[in-house]
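Grab a coffee and work through a few exercises on the model below. Each one sets a task and then walks through a solution.

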Amino acid sequence: MSVPEANKNTNTEAWGGFDDNLIQGTGSAVIDMENMDDTSGSSFEDMGEMHQRMREEEVADEAAATEEDTGEDGEFLGMKGIKGQLGRQVADEVWQAGKRQASKAFNLYANIDILRPYFDVEPIQVRNRLIESMIPVRMINFPQKIAGELYGPMMLVFTLVAILLHGMKTSGTVIREGTLMGTAIGTCFGYWMGVSSFIYFLAYLCNAQITMLQMLSLLGYGLFGHCVVLFVTYNVHFHSLFYILWLVIGGLSTLRMVSALISRTVGQTPRLILCGTLAALHMLFLLYLHFAYHKIVEGILDTLEGPNVPPIQRVARDLPEVATSLINGTVKSLGISLLSQ
Amino acid sequence: MAEVDEGNRPMFAGLSDVSISEDIPVEGEITVPVGSPSQDDECSTLDEPVKDTVLRDLKAVGKKFVHVLYPKKSSSLLRDWDLWGPLLLCVTLALMLQGGSEKGKDDLGPQFAEVFVIIWFGSVVITLNSKLLGGTISFFQSLCVLGYCILPLTVAMVVCRLVLLGGSSKVSFIVRLIVVTVSFSWSTFASTAFLADSQPPNRRALVVYPVFLFYFVIGWMILTFSPSP
């Protein structure tokens with residue numbers, strides 16, 4: 001019994017080193033409790049008691065494994081439960097584990113790097129894709145290449161929102177439940193996401209080879225035609241001009257999307273279903289955007305609206321007419337001069 | 001037991017000569033708190049009178065306003081970013097754009113919440129876009145720059161309000177159009193001067209376009225604002 005104490009005295013390590021218990025071979029791997037630094041929460045008597053108990057056990061049982069176990073148990077038993085160092089360590093470890101989990105989850109879900117590859121474009125590519133979205137491709141026997149990119153579609157949707165806003169303001173639309181901006185954003189994003197998802201679902205039913213990303217990209221670029229038509233017709237208010245543009249530009253962009261889808265579908269009926277739906281939705285959306293937020297043609301609404309006031313109420317606004325009347329006048333005079341030639 | 005220790009003795013014989021053995025894994029965390037001078041400043045700024053804090057922050061905001069009005073390529077706007085300036089500008093603009101333009105109970109003009117949401121949501125979208133395109137600027141730095149560059153548009157709003165006091169006519173519309181166009185292009189140019197440096201050179205146009213759209217929408221809201229009679 002005196003041997004370990006003697007050894008302790010020669011121990012110079014601050015961390016209570018490897019006690020000479022191991023070296024001298026008292027036959028146990030017991031960690032000498034009295035050299036442990038963290039004594040908080042456990043009284044000296046407990047430690048001494050534990051030490052005593054351990055020594056008795058060490059004498060009684062000479063198996064190294066048993067004494068190791070006892071040694072470890074003794075370490076735990078020496079702390080006074082939750083209030084002691086053990087409790088603090090456990091709490092600390094739980095906190096660290098929780099923090100690690102949270103940061104892992106955050107890095108996984110809030111990581112915008114997931115979207116990074118879809119924004120990897122050059123300006124010249126965007127420009128080319130914008131132009132190509134108006135040019136239908138004839139090849140329908142082999143799958144056409146559809147770029148999976150999100151920058152162009154997103155910018156087009158925001159541009160459409162801006163144009164819609166302009167149209168709503170100049171037409172004097174009043175939205176009772178909600179705001180102008182909210183309506184514009186909701187309409188455009190709702191169309192882009194909603195119709196893409198719907199057509200993707202139909203494509204899944206009709207066994208078409210197209211991914212959601214490609215569908216989003218295709219429909220997004222198809223909105224380029226809408227932007228052009230609306231930009232022109234919100235400022236130049238000729239119905240016949242609108243119908244011509246609707247057919248030509250709207251038709252071209254629809255044909256482009258439809259031919260891309262046809263090239264990826266097999267079978268007459270699936271092709272018909274898919275492309276009919278897409279064409280109908282796309283053209284009708286342009287029609288809706290034009291007429292829902294169009295400048296009042298005087299007299300029509302007066303006859304339509306009786307005493308009941310519809311939720312979208314059109315009230316004439318005190319808006320500067322200079323720009324619109326200027327452009328209207330210019331186009332009229334141009335048309336007259338062209339006709340007279 | 002004794003035989004095991006006899007065998008172990010040569011292994012452990014030189015243990016006291018080395019401080020750390022490879023057999024024992026040393027693990028744990030060592031965090032040395034870096035005592036930065038700003039930490040000391042923060043400790044001491046808790047005790048200073050409120051007036052000093054407010055004045056200091058206002059001076060910082062004012063300095064950044066000057067940077068926006070004369071956009072040179074300086075990095076101080078990016079380095080010490082803060083969101084006080086954008087908040088002030090946003091609230092001022094939203095308050096001035098309120099007050100509708102119609103007789104009747106229905107509010108036609110953009111409400112405070114609408115303008116607020118447009119500005120902040122738009123800034124967030126542009127920031128995300130520039131980060132996704134490979135920008136090196138951080139999230140809040142970008143918000144800071146975009147917010148501060150609304151200053152010319154706010155000035156234009158004030159001018160428009162003053163012009164509208166003289167009644168709304170063709171001349172006033174043309175004046176307002178010119179003012180808003182100038183300030184909107186100034187805003188776009190100013191924010192481009194700060195943001196474009198953080199982008200790869202061939203993608204500047206991709207980043208500038210949403211900024212252009214954003215300020216265009218705000219400029220449009222200012223231009224079409226007509227106060228209630």
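A nonpolar core is a set of buried Ala, Val, Leu, Ile, Met, Phe, Trp, Tyr and Cys residues joined through side-chain atoms within 4.5 Å. Keep in mind throughout that this is a predicted model.

**Exercise 1. The core**

Task: Find which residues touch the most other members of the largest nonpolar core, then list what Ile218(B) is in contact with, leaving aside its neighbours within four places in sequence.

Solution:
- Step 1. The largest nonpolar core has 107 residues, and Tyr215(B) and Ile218(B) touch the most other members.
- Step 2. Now zoom in on Ile218(B). Once neighbours within four places in sequence are set aside, its contacts are Leu93(B), Ile119(B), Ile150(B) and Leu153(B).

**Exercise 2. The two chains in outline**

Task: Work out how many helices and strands chain B has and how many chain A has, then add burial, contacts and surface for each chain.

Solution:
- Step 1. Chain B has ten helices and zero strands, so its pattern along the sequence reads α-α-α-α-α-α-α-α-α-α. Chain A, for its part, has 13 helices and two strands.
- Step 2. On burial, 41% of the 229 residues in chain B are buried; in chain A the figure is 40% of 341 residues.
- Step 3. Take contacts in chain B between residues at least 6 apart in sequence: 74% of them join residues at least 24 apart. For chain A, residues 24 or more positions apart account for 74% of the contacts with a separation of 6 or more.
- Step 4. Chain B exposes about 12800 Å², with carbon and sulfur atoms supplying 67%. The accessible surface of chain A is about 19100 Å², and 64% of that belongs to carbon and sulfur atoms.

**Exercise 3. Transmembrane spans and Ser130(B)**

Task: Say where UniProt places the feature "transmembrane region" in chain B, check two of the spans against the model, and decide whether Ser130(B) is buried or exposed.

Solution:
- Step 1. The unreviewed UniProt entry puts "transmembrane region" at residues 81-100, 112-133, 145-167, 173-195 and 207-226 of chain B.
- Step 2. Residues 112-133 of chain B are 95% helix and 0% strand, with end C-alpha atoms 32 Å apart.
- Step 3. For residues 145-167 of chain B, the end C-alpha atoms lie 35 Å apart and the span is 83% helix and 0% strand.
- Step 4. Ser130(B) sits in helix α6 (residues 112-132) of chain B. Its relative accessible area is 2%, so Ser130(B) is buried.
- Step 5. Not counting residues up to four places away in sequence, Ser130(B) touches Gly135(B), Ile137(B), Ser142(B), Gln199(B) and Val207(B).

**Exercise 4. Salt bridges**

Task: Count the salt bridges over all chains, then trace the network that includes Arg203(B).

Solution:
- Step 1. Over all chains, the structure holds five salt bridges.
- Step 2. One of them pairs Arg203(B) with Asp120(A), at 2.5 Å from N to O. Arg203(B) is in the loop between α9 (170-195) and α10 (204-223) of chain B, while Asp120(A) is in the loop between α5 (85-109) and α6 (123-132) of chain A, so this pair joins two chains.
- Step 3. Arg203(B) also forms a salt bridge with Glu122(A), where the closest N and O atoms are 3.2 Å apart. That pair crosses between chains too, with Glu122(A) in the loop between α5 and α6 of chain A.
- Step 4. Put together, Asp120(A), Glu122(A) and Arg203(B) are linked in a network of salt bridges. Arg203(B) is buried at 11% relative accessibility, whereas Glu122(A), at 25%, is partly exposed.
- Step 5. Within chain B, Asp82(B) and Lys64(B) meet in a salt bridge at 2.5 Å, N to O. The two are 18 residues apart, Asp82(B) in the loop between α4 (76-79) and α5 (84-96) and Lys64(B) in helix α3 (residues 50-69).
- Step 6. Both partners are buried: Asp82(B) has a relative accessible area of 13%, and Lys64(B) has 6%.

**Exercise 5. Cysteines**

Task: Explain why Cys149(B) is not bonded to Cys144(B), and count the disulfides over all chains.

Solution:
- Step 1. A disulfide needs two cysteine sulfur atoms within 2.5 Å.
- Step 2. The closest cysteine sulfur to that of Cys149(B) is in Cys144(B), 8.8 Å away, which is too far for a bond. Cys149(B) is buried, with 0% relative accessible area.
- Step 3. The count of disulfides over all chains is zero. Cys188(A) is in none, its nearest cysteine sulfur being that of Cys227(A) at 7.9 Å. Cys188(A) is buried as well, at 1% relative accessibility.

Key:
Residues numbered from 1 in each chain as written. Chains lettered and ligands numbered in written order. Predicted model: local features only at pLDDT ≥ 70, side-chain atom pairs only at ≥ 80, totals over all residues. Heavy atoms only, no water. Helix = DSSP H or I, 4+ residues; strand = E, 2+ residues; numbered from the N terminus. Buried < 20%, exposed > 50% of the residue type's maximum accessible area, 1.4 Å probe, protein only. Contact = heavy atoms within 4.5 Å. UniProt positions renumbered as here; feature names shortened; annotations may be inferred. Salt bridge = Lys/Arg side-chain N within 4 Å of Asp/Glu carboxyl O. Areas by Shrake-Rupley, 256 points an atom, 1.4 Å probe, with all protein chains shown as cover.
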